[in-house]
Amino acid sequence: MDMVARQGPSPFDAIRQDGPEGERWSARDLQPLMGYARWNDFQRAIERAVSSAANTGHDVDLLFRASPEKETGGRPRMNYQLSRMAAYLVAMNGDPNKPEVAAAQAYFAAMTRQAEVASSPAPREITAAAGPVPYREQAEILSILRPVLPEAYATATGKVIMARVMGERPELDSSETPLYASTFLAEKGHKPKTVAKFQSGFGSRVSNRYFKVHGRRPGKIPGPAGSRIDQVAVYTEDDRPILEQVYREIADLIDDFEGGGQMRMSA
């Protein structure tokens, strides 16, 4: 397949290729950009991505086009030409501890979203975090990501999508309604600057208090944390008393900061 690499401001743009089948990314080119030194380690992320695609009914051969490469004096080495969806799934199945993986997740999520907005005239649901996303795509994204989501969060999200598609008002139990440290602080009327300042410390305190109550840490999902993508803790409305208790303990610190002070908060 004749493909010409396109240059762009992002390193992921720089290795993006155009061909008869549209945009593709070479897995071998993507490997170092996602922080993997060894192909065998990176291939595990590809294998998990292939399983995710197969489990959701996608054409695996089309998304992950096998493209062995010849090496001088040696055996051909395996490679794949990845579609945008395939590259997105590889990023989502990468090592979450690698900052390069987080950067890839943000890039391919944005690329996928742009393509959806440009190509679909379907009715859209506007959300503060995700932007305009058609209901069908919301359901597909949930299906793809469900293996890595806390069950309560996935169930609640599915119920919300279904209710809104049917023109109904979502009805959720308190044990199913997601609650995050950042949205909790925003609900208290604090400005975005204050939320960004205290989100991490407040979240750490809540997580520690949650562990004391339940003997385990809260589930986490990929989400925005300041200026980067990171794993954020997911609580439910049942946990609101824990968040309220911790908030009362640091309310004076937050008020002092918003009043012009610079008091620091430790976890």
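Two residues are in contact when heavy atoms of theirs lie within 4.5 Å of each other. With that in hand, the surroundings of Val101 can be described: leaving aside neighbours within four places in sequence, this residue is in contact with Met34, Tyr36, Ala91, Gly94 and Asp95. The model examined here is a predicted one, and Val101 makes a convenient way into it. The residue lies in helix α6, which covers residues 99–119. Its relative accessibility is 1%, and because buried means under 20%, Val101 counts as buried. Met34, one of its contacts, is 67 residues away along the chain, yet the C-alpha atoms of Val101 and Met34 are separated by 5.0 Å.

Helix α6 also holds Ala102. This residue has a relative accessible area of 17% and is buried. Between Ala102 and Ala91 there are 7.8 Å from C-alpha to C-alpha, at a sequence separation of 11 residues. Ala91 thus appears twice in the account of α6, since it is also among the residues that Val101 contacts.

Ala91 itself is part of the buried set of helix α5, which comprises Ala86, Ala87, Tyr88, Leu89, Val90, Ala91 and Met92. With 7 of its 9 residues buried, α5 (residues 84–92) is largely enclosed by the rest of the structure. Another member of that set, Ala86, provides a link to His58: the two are 28 residues apart in sequence, and their C-alpha atoms are 9.9 Å apart in space. His58 sits in the loop between α3 (39–55) and α4 (60–63). Its relative accessible area is 29%, so His58 is partly exposed. Beyond its neighbours within four places in sequence, His58 is in contact with Ala53, Leu63, Met85 and Ile144.

It helps to step back to the chain as a whole. The fold contains 11 helices and 10 strands. The chain has 267 residues, of which 40% count as buried. Its exposed area is about 15100 Å², and carbon and sulfur atoms supply 51% of that area. Among contacts between residues at least 6 apart in sequence, 50% join residues at least 24 apart. The pairing of Val101 with Met34, at 67 residues apart, gives a concrete picture of such a contact.

Among the strands, β3 offers a well-connected example. Strand β2 (residues 16–19) runs antiparallel to β3 (residues 22–26), and 4 bridges join the two. They form a hairpin with 2 residues between them. Within this pairing, Gln17 stands opposite Arg24, while Asp18 has Glu23 as its bridge partner. Strand β3 is also joined to β5 (residues 80–82), again in an antiparallel arrangement, through 2 bridges. Here Ser26 stands opposite Gln81 of β5. Of the 5 residues of β3, 4 are buried, so this strand is largely enclosed by the rest of the structure. In a regular strand, side chains alternate between the two faces of the sheet.

The helix pair α10 and α11 comes later in the sequence. Helix α10 (residues 192–214) packs against helix α11 (residues 240–258) at an angle of about 155°, and their axes are 9 Å apart. Angles over 145 degrees count as roughly antiparallel, so that is how α10 and α11 are arranged relative to each other. The crossing of α10 past α11 is right-handed. On the α10 side, the contact is made by Lys193, Thr194, Lys197, Phe198, Phe202, Arg205, Val206, Arg209, Tyr210, Val213 and His214. On the α11 side, the contributing residues are Ile242, Leu243, Gln245, Val246, Tyr247, Glu249, Ile250, Leu253, Ile254, Phe257 and Glu258.

Gly203 has its place in α10 as well. With 18% relative accessibility, Gly203 counts as buried. Not counting residues up to four places away in sequence, Gly203 touches Ala181, Phe198 and Tyr235. Of these, Phe198 is also one of the α10 residues that make the contact with α11. Ala181 is 22 residues from Gly203 in sequence, and the C-alpha to C-alpha distance between them is 5.7 Å.

Technical notes. Residues are numbered from 1 along each chain as its sequence is written. This is a predicted model: local features need pLDDT of at least 70, side-chain atom pairs count only at pLDDT 80 or more; totals for chains, interfaces and linings use all residues. Side-chain values use heavy atoms; hydrogens and water are left out. Buried means under 20% relative accessible area, exposed over 50%, partly exposed in between (1.4 Å probe, protein chains only). Accessible areas come from the Shrake-Rupley method with a 1.4 Å probe; for residues, only the protein chains shown count as cover. Two strands pair if DSSP finds at least two bridges between them. Axes are lines fitted to C-alpha atoms, for helices over the stretch in contact, and angles run from 0 to 180 degrees between N-to-C directions. Angles under 35 degrees count as roughly parallel, over 145 as roughly antiparallel, 65 to 115 as roughly perpendicular and the rest as oblique. A crossing is left-handed if the near helix is turned anticlockwise from the far one by less than a right angle, and right-handed if clockwise.
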